[in-house]
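Me: I have a model here that I would like to go through with you. Can we take it point by point?

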Amino acid sequence: MIRVRGLVKRFGGDIVLDGIDLDVPEGALVALIGPSGCGKSTLLRCLNGLETPDSGEIEIDGERLGPGNAARLRGRVGMVFQSFNLFPHRSVLSNLTLAPRVVRHRSREQAEADARLALARVGLSGFESRAPATLSGGQQQRAAIARALAMAPRAMLYDEPTSALDPERVGEVLAVMRDLDAGGMTQVVVTHEMRFVREAADTVVVLDHGRVVESGPAAEVLAAPRDARTRNFLGSMQA
Amino acid sequence: MRRLLAALLLLASGLQAARAGEPVAQPTLRWAGDARSGAPYEFHDPSDPSRLIGYEVEIAEEVARRLHRRPEFVQNEFDGLIPGLQAGQYDIAMDGLEITPEHEGAVAFSTPYYTTWEQLVVRRSDPRDSLAALAHGRVGTLRGTTANRILEAFAAEHPGFDIRLYDEEFDAYTDLRHGRLDGVLLDAPIARYYAGVDPALALVGPPVAPISYGIALRKTDTALRNRIDEALAAMRDDGTLARILARWNLLPEGQSVPGVAPVMWQHWVATTAPVSGWRARLHRYAQFLPMILRGAWMTLLVSVLGMAVAVVVGLPLALLRRYAVAPFAALATAFIELVRGTPLLVQILFIFYGLPELGIQLNPLAAGVIALGLNYAAYEAENYRAGLEAVPRGQAEAAAALGLSPMQGLRYVVVPQALRTVLPVMTNDFISLLKDSSLVSVITLTELSQTYEQLSTTYFDYLGPGAMVAAAYLLLGLPFVRLARFAERRLARQSGIVSARH
Ligand SMILES: Nc1ncnc2c1ncn2[C@@H]1O[C@H](COP(=O)(O)OP(=O)(O)OP(=O)(O)O)[C@@H](O)[C@H]1O
Ligand SMILES: [Mg+2]
């Protein structure tokens, strides 16, 4: 589904991604972990074209990502941010319908019908006409997920989707991701929620200094990390 | 926005189109003068300030009638009369304009319609009753008049002589009354109307210098000039001119027209006598209301249209500055710096009087709206910029992540949010614009501040009209003050500040 080979990204002189290889099979839930500043966000942003790599290649659904098709492929890869980034001047419903209408030229009726389905999927039926500022953090993040889903993406990318939430609100967002996983959605999640990683992720990829230092089935990597840097990182997470 | 632009374009094509479209058989004769404290030339009737009267008004209307044209008065500052004529804002100018070699360098004149002299006025208690007797005194006059030049020549020969220059004749006579001056030298009709009614002042000495008033025209308008000369000659021959002058008590000493009383002079004496008592004062103020309403309407019209231009032009300026490639961004920056670095008054004068030299002729309303609009556009652009910067980066990213192009992201996500943050600031700017709009009075628009000048100089009363005009400005601004508060509250609610209270 997503295939990355030899991905390199520099900011100024700093190498932030230093030759990343990554395979995300269809329907998988891949957790991306690693210490702060190791390049997790940058990798996600490259995957949906928000950043342009300096070299290497990215294939989405068999199509090679390049300047010509970045905008179109973005519609196929949903992105969810730590700070939700809902459009505060639009109702929840019109947050969801904007991109389908403007980018895909859907009719209002079609876009709204799709949007209601997406809201139902994240448990927000009945919140259509609310302003984003009137929702709780967890509701906002679920609305943001629904907004990405409304574009009918083939994969979803999450950059620390629960880090800005009150602890009691984290579960409802993770539940949505579990539910999507059960429905066969391909997902890549940057997260520090180790319990979620252990329970829900198929694969864990550990990044450090812009390189993949270890990857494998979640249970194995978390239980018996082979790389010293992974052990360090996991140790720091427990502390 | 689009509808606003269309309305503005219409406005720019303005009066010309409107006039062309009118099914009026008679073309207009646009004549200009300065009606502020302009007795007996052209001024607002003290008993009904919305009515323009004066012996020149009667002459102009009679000339227009004989030319089969409809007279239309254009108010302009005295100093701006000749520039406005050259800029093509009106056909002729009349305001006691003296036929002098200096003036004739700039404009053409009809034959004289009135001949008079410079008249010295002193305090009645002062025995010095001639210019020669005041050789060590202090004498005032209006700036740029023949009297001004006479006094300068006199001062060159008398080292102890002191000249004081004024913009309003009323102020000169007031200073004479209060002892700040020893004499005032001005055209005899002015002396008669402003000093002659004051028992404390006396018109003294022989006529100082003869002067002739002519109707000023553009030098190229020779056909019009010939027709006006014919009309004036006919008015002289059939006695019309003498009758007008007789009504205004302006005939030379010893002359009279049988059966014509100096009614307008008597009207002036009666109406400018100081009113006493509250009732009389309130009654007078009530008469100001229609003029103040008209001034307020003009202020509101210029301000609203000017703000519309500012709001519409400011946004592309801000977007160019922030997002466009270097040369366009630099152009936008240059425009903003130019506008913010030069006085608004200069910009207004430049657009109204300067642009016609480049072939761009604007009617006063369009010129005022464009000048105010472009000036405020520069400030609004800065507001928009602050508003755009206040939208979190994540918003444009979220739009991009959904597949919106950068332009779509601006249009649907970033700009609408920026607009909301700038709305309160803009509303406050509108209130400043409302006040700055007083500057368009220099280009013949009779708005509130101009109305104030007209009323106060007609009645020598700055207090009552001042309070009324101040009230009018406040009332005009009030709805926008409330709008600003409302916008601020809504903005606060939206960004969650208010909802946090629940
Ligand atoms: N736009 C940018 N310009 C310059 N440097 C950047 C930019 N974005 C990221 N970086 C740098 O790249 C490195 C990796 O950043 P990135 O945000 O991908 O890390 P991360 O793994 O997501 O960290 P965190 O866990 O703190 O979110 C950091 O050193 C960061 O400072
Ligand atoms: Mg990050």
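Me: What is the distance from an oxygen atom of ligand 1 to an N or O atom in the side chain of E160(A)?
Reply: This is a predicted model. E160(A) belongs to the residues that surround ligand 1. An oxygen atom of the ligand and an N or O atom in the E160(A) side chain are separated by 3.4 Å.

Me: How much of the accessible area of ligand 1 does the protein cover?
Reply: On its own, ligand 1 has 630 Å² of accessible area. The part covered by the protein is 55%.

Me: Which atom of S36(A) or C38(A) is 2.6 Å from an oxygen atom of ligand 1?
Reply: For C38(A), a polar backbone atom is 3.2 Å from a ligand oxygen. For S36(A), the distance is 2.6 Å, and the partner is an N or O atom in the side chain.

Me: Which helix gives the largest share of the shell around ligand 1?
Reply: The shell has 3 nonpolar, 5 polar and 2 charged residues. Among them are K40(A), S41(A) and T42(A). The largest share is 3 residues, and its source is chain A helix α1, residues 40–47.

Me: Why can L320(B) count towards a nonpolar surface patch?
Reply: L320(B) sits in helix α11 of chain B, residues 278–323. Patch residues need over 30% relative accessible area. L320(B) passes that cut-off because its relative accessible area is 34%.

Me: What area does the patch with L320(B) have?
Reply: L320(B) shares the patch with V325(B), F328(B) and L331(B). Together they make a nonpolar surface of about 390 Å².

Terms used:
Residues are numbered from 1 along each chain as its sequence is written. Chains are lettered from A and ligands numbered from 1 in the order in which they are written. This is a predicted model: local features need pLDDT of at least 70, side-chain atom pairs count only at pLDDT 80 or more; totals for chains, interfaces and linings use all residues. Side-chain values use heavy atoms; hydrogens and water are left out. Patches are made of residues with over 30% relative accessible area and no salt bridge: like charges are joined within 9 Å, nonpolar side chains (Val, Leu, Ile, Met, Phe, Trp, Tyr) within 5 Å. Accessible areas come from the Shrake-Rupley method with a 1.4 Å probe; for residues, only the protein chains shown count as cover. A salt bridge is a side-chain nitrogen of Lys or Arg within 4 Å of a carboxyl oxygen of Asp or Glu. Helices (H or I, at least four residues) and strands (E, at least two) are DSSP runs, numbered from the N terminus. Buried means under 20% relative accessible area, exposed over 50%, partly exposed in between (1.4 Å probe, protein chains only). A residue is near a molecule or strand if one of its heavy atoms lies within 4 Å of it. A polar contact is a pair of N or O atoms within 3.5 Å; within protein, one must be able to donate a hydrogen and the other to accept it, and residues adjacent in sequence count only if both atoms are side-chain atoms. Ala, Val, Leu, Ile, Met, Phe, Trp, Tyr, Cys and Pro count as nonpolar, Asp, Glu, Lys and Arg as charged, and the others, Gly among them, as polar.
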